[in-house]
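Hello,

I am handing over the structure we talked about, with some notes to help you find your way around. Have a look at it first, and then read on.

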Amino acid sequence: MTDLASRFHDAPLDTALVATLSAGGLTPARVDDADRAQVDAWLGAVARGFLDGEPNDQRREAFFDHTAYRRKIGVYDTDAPQPLEPVATFASWGAALAVPGGDLPACAISAVTVSPTHRRRGILRTLMAGELRTAAEAGFPVAALTVSESTIYGRFGFGPAAAVADWRLNVRRARWTGPAAPGRVDFVTREQGRALAEALHERVRPASPGELDMPRGHWDRFFGTRPDAEKPELLRVVQYASPSGEVDGIALYTVTENEDDFTESSLGLQVLLAATDAAYAGLWRFFLSMDLIGTIRAPGLAVDEPLWWMIADQRAATITVRDHHYVRILDVPAALAARRYDVADTVAIEVVDPLEIAGGPFVLTTDVDGAGFVEVADEPPLGLPSLRLGIAELSALLLGGVSAVTLARAGRIETDDPERIARIFQTVSAPRLSFWY
Ligand SMILES: CC(C)(COP(=O)(O)OP(=O)(O)OC[C@H]1O[C@@H](n2cnc3c(N)ncnc32)[C@H](O)[C@@H]1OP(=O)(O)O)[C@@H](O)C(=O)NCCC(=O)NCCS
């Protein structure tokens with residue numbers, strides 16, 4: 001754990017958070033990661049909140065073993081018949097978010113639930129505002145999360161910063177027209193795939209703004225290498241090795257047989273990591289030439305996937321684009337200075353933050369080397385191109401996932417020169433996050 005991550009993990013609860021919930025007769029508390037009964041009760045509440053069944057012993061044990069690094073908050077109602085089971089849950093931890101040309105410490109948030117018995121009395125609002133203040137005070141420049149519903153988090157300043165594309169590909173129509181990769185594709189065991197995944201993901205991440213470092217325990221869940229994995233026997237793993245023997249890519253998938261017509265079976269791609277263009281071509285070509293597979297489903301791809309230009313018939317792909325990775329800037333100067341820019345310019349930015357954590361007037365200057373510098377201004381400076389926007393919209397611009405021209409036309413930002421602002425924030429490729437957390 002980094003210093004920042006461990007400082008945040010151990011930080012006391014925000015005083016306003018405690019005061020507000022206590023005034024409503026509730027008791028917020030940090031869950032003791034070493035206390036199995038507390039963690040079990042907390043996990044039970046999370047599972048119910050996400051409409052899952054009661055966790056079995058294997059699931060409880062695996063959760064206990066893998067998640068001590070997460071700061072877990074429970075909100076307890078001592079008048080309830082089961083007072084040890086929280087009526088609300090919230091987890092967060094120190095992560096690393098790839099931004100264009102850099103990496104940024106991020107407070108990752110997950111397991112946000114409020115019991116249906118206690119909904120819509122402001123518990124989420126109080127938890128979120130308090131935990132974001134604590135994250136900002138600890139020193140996180142951004143917070144980030146993936147969402148069950150798009151409509152929940154904008155009010156707290158989160159912007160949809162990286163969209164993803166879910167692909168459904170008609171394999172026979174698609175026909176591979178991409179290059180032939182020089183390396184080889186081979187099957188490996190799930191354990192071998194798991195062992196390769198972490199380092200490959202970290203190789204891929206710097207060139208993929210929007211990707212978070214993988215939360216501990218996730219790789220084992222994906223590859224079915226932890227005791228609570230569901231149906232691990234259905235998972236298949238292939239690797240791509242370059243002619244020199246370096247493993248530059250892996251893919252994890254399942255196959256569903258079509259008993260009415262075996263040639264129309266379908267393949268579900270769970271993970272595809274390619275650290276080189278050759279590995280990308282080698283793995284995709286492998287999938288597009290598999291016998292008996294009529295359809296490939298691949299969720300969570302980039303919205304500008306090169307694959308679209310490697311098939312003969314682009315209409316073979318049905319692509320659904322959706323919002324996925326939400327980012328919330330907590331410190332404007334630190335967040336904007338962490339990324340690279342392609343043009344040198346200066347702009348006056350006035351940021352409005354509904355939670356009053358990160359708003360204010362700023363001046364962003366980008367130089368010819370791609371660095372960005374932010375000064376806190378006393379008031380919006382005159383004589384510069386100006387940009388006035390909410391913290392959610394600035395967070396959406398941070399990774400280059402949307403053009404300022406689009407946001408201006410949508411009435412989401414105010415600026416006297418949308419095209420100039422768009423050129424400052426634009427990036428060469430679309431951001432992406434390839435998993436949920
Ligand atoms: C989503 C959830 C955490 C909300 O908790 P809550 O304590 O009822 O929310 P609050 O009362 O604090 O509401 C805060 C604000 O969010 C809004 N809101 C709450 N849930 C919402 C939802 N599902 N969709 C849209 N808006 C929502 C409220 O209307 C309120 O808006 P306002 O302050 O602008 O008037 C809760 O309904 C839940 O646990 N849902 C199931 C699990 C889930 O989806 N969790 C989110 C995981 S990403």
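How do the residues of the lining of the largest cavity divide into nonpolar, polar and charged? Six are nonpolar, four are polar and one is charged. Please keep in mind throughout that this is a predicted model.

Let me start with the overall layout. The protein is divided into domain 1 (3-140), domain 2 (176-310) and domain 3 (332-425). Taken over C-alpha atoms, the centres of domain 2 and domain 3 are separated by 37 Å.

Back to that cavity. The structure holds one cavity of 30 Å³ or more, and the volume of the largest cavity is about 50 Å³. If you would like to locate it, its lining is made of Ala45, Arg48, Gly49, Pro86, Val87, Ala88, Thr89, Thr113, Val114, Ser115 and Pro116. Helix H3 (36-49), strand E3 (88-99) and strand E4 (102-114) each supply at least two residues of this lining. The most comes from H3, which gives three residues.

Next, the second largest pocket, which has about 330 Å³ of space. Its lining counts 20 residues, and Gly94, Ala95, Asp213, Met214 and Arg216 are the ones that lie nearest its centre. By class, twelve of the lining residues are nonpolar, four are polar and four are charged. Which element has the largest share of this lining? That is E3, with four residues. Helix H1, E3 and helix H7 (190-204) each supply at least two residues. On the level of domains, the lining draws at least three residues from domain 1 and at least three from domain 2.

H1 turns up again in a helix pair that you may like to look at. H1 (residues 3-10) packs with helix H5 (residues 123-138) at an angle of about 140°, and their axes are 9 Å apart. The crossing in which H1 passes H5 is right-handed. On the H1 side, the contact is made by Leu4, Arg7 and Phe8; on the H5 side, Glu131, Thr134, Ala135 and Ala138 take part. Sorted by class, this contact has four nonpolar residues, one polar residue and two charged residues.

A possible route for your own tour would be the cavity with Arg48 in its lining, then the pocket with Asp213 and Arg216 among the residues nearest its centre, and lastly the contact of H1 with H5.

Enjoy exploring, and write back whenever you like.

Best wishes

Technical notes
Residues are numbered from 1 along each chain as its sequence is written. This is a predicted model: local features need pLDDT of at least 70, side-chain atom pairs count only at pLDDT 80 or more; totals for chains, interfaces and linings use all residues. Side-chain values use heavy atoms; hydrogens and water are left out. Axes are lines fitted to C-alpha atoms, for helices over the stretch in contact, and angles run from 0 to 180 degrees between N-to-C directions. A crossing is left-handed if the near helix is turned anticlockwise from the far one by less than a right angle, and right-handed if clockwise. Contact means heavy atoms within 4.5 Å. Ala, Val, Leu, Ile, Met, Phe, Trp, Tyr, Cys and Pro count as nonpolar, Asp, Glu, Lys and Arg as charged, and the others, Gly among them, as polar. On a 1 Å grid over the protein atoms alone, a cavity is a set of points where a 1.4 Å probe fits but cannot get out, and a pocket is an open set with protein on both sides within 12 Å along at least five of seven lines; lining residues have an atom within 4 Å of a point. Grid points are joined across faces, edges and corners, and a volume is the space filled by probe spheres set on the points. Domain bounds come from an automatic or database domain assignment.
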